[in-house]
2 protein chains.
Amino acid sequence: MGVTLKDVAERAGVSTSAVSRTFTEGASVSTKTRAKVEKAALALGYSPNALASSLTTGRTKLIGLVSNNFHNPLFLEVFDLFTRGLQDRGLRPLLVNLTSEIDPVNSVRMMRTYSVDGAIVASSTLPPTFAEAYRDAGIPVVHSFGRYTTAPQVNIVGIDNVACGRMAGEALISRGYKRVAFLGGPERATSTQDRALGFLGALLEHPEIEVSVSYASAYSFDAGRVEMTKQLMQDPAEAYFCGDDVLSIGAISAIKEAGLRCPEDIGIIGLNDMQMAAWQLINLTTIRQPVAEIIGASIDLVVATVENPKRHPETRLFPCRVIERGTLRPKP
Amino acid sequence: MGVTLKDVAERAGVSTSAVSRTFTEGASVSTKTRAKVEKAALALGYSPNALASSLTTGRTKLIGLVSNNFHNPLFLEVFDLFTRGLQDRGLRPLLVNLTSEIDPVNSVRMMRTYSVDGAIVASSTLPPTFAEAYRDAGIPVVHSFGRYTTAPQVNIVGIDNVACGRMAGEALISRGYKRVAFLGGPERATSTQDRALGFLGALLEHPEIEVSVSYASAYSFDAGRVEMTKQLMQDPAEAYFCGDDVLSIGAISAIKEAGLRCPEDIGIIGLNDMQMAAWQLINLTTIRQPVAEIIGASIDLVVATVENPKRHPETRLFPCRVIERGTLRPKP
DNA sequence: TGATTCTTTGCAACCGGTTGCAAAATTGCC
DNA sequence: GGCAATTTTGCAACCGGTTGCAAAGAATCA
């Protein structure tokens, strides 16, 4: 079955080294032998074995793509962009689903077992210790959608969640809402904490506006719906900044089920701008996270770190912006 | 960085063979040496190199997971289940995104370059020739969500799309709709053709019911919305069987935008039952595709074919059923 | 043409493991 | 304890490639 280097060498009447060199960028081969080899390889249907060569070169061109966000529709876009982006650079994503794992130790071992060149942790909910565990194991890593820190221990690419929270707060203020609220994801998620911080910060400058905070149990439709239903039974705010788009849609669902309208009775602003948010049926006003840029930068960074492992860890943050749709009342 | 077999052997004071054997299931090692080796391995933090061993064993435990459905929310569930299912069996998914590819030749070469043990083509829109190209290259393969054929050339796991079409037709008939329609995905997709066939077949027994057929340009929200808008400008049917859930949601959006109500004015039944279909905001009556079973069977089949490459190709179809929600009027 | 330099080539060792084989060690049995 | 049967062990070859090195060949120049 498998055609090997040796087969090609024999057929072409050259040494295996010659064959190896024709398939190696920038190696020294004459045009004549190259032609002979290529002809033989074509005839035999030879394709080099990346894993065997990785043994000597130390590069597998495998990148571990680690995530636990297999329930957030945004991540379908994320996986699409990551796989395409990696493919375009001749790299292969080795997918790791961490949904049922809490400990990085297994995935680290796996990364080593498969000698990945680098790893990308794509998650807004995993703690920074995850990416750090990879780094400690000597695996070049970047944490995408991770939390910004002033003295990063690992590469981080994402958004400034505090700034986004502030942006959301200002959006509500500028629309004249007098009673606003933050409806976050799980309180322990760092992204939630940061968004709350920014939101409350913006409101601090407006003591005349009433603010409240609550947390859903997960970044999910159901959790958003449940939490908003709870709010409606008490004394709801006029407008909510929801921790993310899925949560927002859950909240909107609760509002409509209660016979209220959005934005006429209650306004909602989300975060992410996943494709679904633009669906006319949903038409969610939200803050766009520049997913493509984040992913492009993540790949760039992991490649750079693979090429220079001593590279200093870096943080790259991308600006977000409000996307005006139909779930907040218009500015006065 | 990398701790090798030799390092462990040296430290444990045994041969490399002994170390290799302690890490090989069912090999002959005494308890004493095993203990020595394990102690040394632990102290050194050794983890075996799967790629090096694949050279001699011929197994990488890598499974190519090939898809082009990176825009259908159902596939987030699909990827979640596939990655978890493969992981549970000690296999690793190597993700291949075919979105911008039409020719299998590149992905086949890639599979060989990485010596995958097998491949799973997860797509309802890729033609059967794709999976066949893998099989021709000697790669054990199963086509998940593929089309049923009586004399399969490759393993196929999925649903009986004709039966689903019939089921949808019967659901509409039983609710007393007198003018019904099929709003399919792209006409060239085999799944669309089969669903149309089944749907029309069911209606054949009811000549008193008026039937029409149209096709959206893609399995997407926008395509569904555009096509339904077109329908509404002419003379719409009372109820539509949409080719899939995303298409259905697009259609519902168009209906609401036109100031009509679903199901009071127009009924919709979808296909897939992706998680979102159950969201109260959408509450789509649809036909459930048993995704978890399909994926479990796909993994079983690919593993079985890896273990016995001469295994006869097999088709496994799973029954679907109607999930009653709120987008069809109730049965009389 | 011959000396010198640069390019191309093959040899052989190596990457990190596995495995058939024969020798060594252990066990069982009388 | 002695012998045969069984288990454990290490040697060495091999998996499919890469690469440093020295020799061979080609090109350059006087």
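## Two copies and a DNA strand

Trainee: What makes chain B a rotated copy of chain A?

Mentor: In this predicted model, a rotation of 180° with 0.1 Å of shift along its axis lays chain B on chain A, with an RMSD of 0.1 Å. The fit is by least squares on C-alpha atoms of residues with pLDDT of at least 70 in both copies. That is how a two-fold axis relates things, so the name fits. B:L94 is the residue of chain B that comes closest to the axis, its C-alpha at 2.4 Å.

Trainee: How do you know that the same surface serves both copies?

Mentor: Because residues count as in contact when their C-beta atoms, placed from the backbone, lie within 7 Å, we can list them: 41 residues from chain B and 41 residues from chain A. Of the contact residues of chain B, 100% recur in chain A.

Trainee: Which element supplies the largest share of chain B's side?

Mentor: That's α5(B), with seven residues. Helices are DSSP runs of H or I, at least four residues, and strands are runs of E, at least two, numbered from the N terminus.

Trainee: And what makes a residue "near" DNA strand D?

Mentor: Its C-beta atom, placed from the backbone, must lie within 6 Å of the strand. 27 residues surround DNA strand D, with A:L5, A:S17, A:S20, A:S53 and B:L55 the closest. α4(A) gives the most to that surface, five residues.

Trainee: How are residues numbered, and what cut-offs apply?

Mentor: Residues are numbered from 1 along each chain as its sequence is written, with chains lettered from A and ligands numbered from 1 in the order in which they are written. Local features need pLDDT of at least 70 and side-chain atom pairs count only at pLDDT 80 or more, while totals for chains, interfaces and linings use all residues.

Definitions and conventions
Two residues are in contact if their C-beta atoms, placed from the backbone, lie within 7 Å.
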